Each structure stands twice: as structure tokens, then as C-alpha cells.
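Student: Could we go through this structure together, step by step, with the reasoning spelled out?

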Amino acid sequence: MDYSGFEPVAGSIINISNGNGCCSQMITLRTGNGIVNFHVDAETLVIDNRQLRRGMQVVAFYDSFLPVPLIFPPQYRAQIVAVPGRNEQVVLSYFDQNLLAGDRSLQLNLGDNTEIRTVNGQNFRCSPGGHMLLVFYSSTTRSLPPQTTPRKIVVLC
């Protein structure tokens, strides 16, 4: 799958309602820029299979290359939904063999406690470099590029 057009939207879930069928839901997020609706269905990858609830902080990624209805509030199909920990950020990017993001915006330093898993929760026993990674982290250095030791990395093989 091509993740290059995936865009993140971070916010708090303020409503969950039935979607177009029994296997889909509409989640409404309050973001810093207003309200955004997301369709969540059987094809949406919810990291760690978390049960989504009102009040939960999430980061939903949508494919910016797919067509969307021109309505307000905006409405997208969620491709990935991640639930960051307190004071955590989530980034989806390609990281090279040196664990430098493709846009040079973040350098990863693996720690002894960094969880590295596949999307289905299995341990990833190889180097995560050279893959598209979903990275959960809380703080960075002030260097260029910023460096971080992530809490968790999900490898999108």
C-alpha cells in the first residue's frame, strides 16, 4: 500500500454513531481547526485494536489522494487510527536505514524499551529502517533534525 498521501488529523472523539452499515461507524473529532468526521469500517487499521470511545484522543490518517465530498464539516475515510499516550505524538513516515525520516524531520534512536511490532501486533525482529513506520514518541531534542527515542514503532511492511 502507498502511504505517501496519508495525512494526520489529531483530536478528541466527541461522538460515535452508526455508519452506512453494520460494520462501519462515523466518529466525530474536535480538532484545533474545528470538527472533522471520519468513517471507520472493517478496512480501517485501528492500531492495537483499541476500542474507540468518546473523550479519547486519537490521530486518524486519511488518504489525501482519494476523493472526498465537499461538505462541512469535512468527512474522510479513516485508513489508520492510532491512540497516542499522554503527551505523545504520532508520525507516519518512511524512515531510511539510518532511521532518518524521508523528509528529514525526525531522527529515531532506538532504546532498550522501544517496542517494535508489525501491524498485527507481532514482534518485529529486524531493523525497522527502510520501512514505512508509525512512530509514537513524546519528546525530541532541539537539534536538526530533532531526535527522539520512541516508545513504540509499528512497522507497515
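Tutor: The questions below concern a predicted model, and they turn to burial, a core and salt bridges.

Student: Is Ser93 buried or exposed?
Tutor: Ser93 belongs to strand 7, which covers residues 89-95, and beyond its neighbours within four places in sequence it is in contact with Ala101, Gly102, His131, Met132 and Leu133. Buried means under 20% relative accessible area. Because the relative accessibility of Ser93 is 12%, this residue counts as buried.

Student: Which residues of the largest nonpolar core touch the most other members?
Tutor: In soluble globular proteins, nonpolar side chains tend to be buried together. The largest nonpolar core here has 17 residues, and those that touch the most other members are Leu29, Phe38, Leu52, Val58 and Val81.

Student: How many residues apart in sequence are the parts that Lys152 and Asp48 tie together?
Tutor: Side chains of opposite charge can pair when their charged atoms come close. Lys152 and Asp48 form a salt bridge in which the closest N and O atoms are 2.2 Å apart. Since Lys152 lies in strand 12 and Asp48 in the loop between strand 4 and strand 5, the pair ties together parts whose separation in sequence is 104 residues.

Student: Is Glu88, the salt-bridge partner of Arg151, buried or exposed?
Tutor: The closest N and O atoms of Arg151 and Glu88 are 2.5 Å apart, and Arg151 itself is partly exposed at 36% relative accessibility. Glu88 has a relative accessible area of 14%, and because buried means under 20%, Glu88 is buried.

Note on methods. Residues numbered from 1 in each chain as written. Predicted model: local features only at pLDDT ≥ 70, side-chain atom pairs only at ≥ 80, totals over all residues. Heavy atoms only, no water. Helix = DSSP H or I, 4+ residues; strand = E, 2+ residues; numbered from the N terminus. Buried < 20%, exposed > 50% of the residue type's maximum accessible area, 1.4 Å probe, protein only. Contact = heavy atoms within 4.5 Å. Core = buried A, V, L, I, M, F, W, Y, C linked by side-chain atoms within 4.5 Å. Salt bridge = Lys/Arg side-chain N within 4 Å of Asp/Glu carboxyl O.
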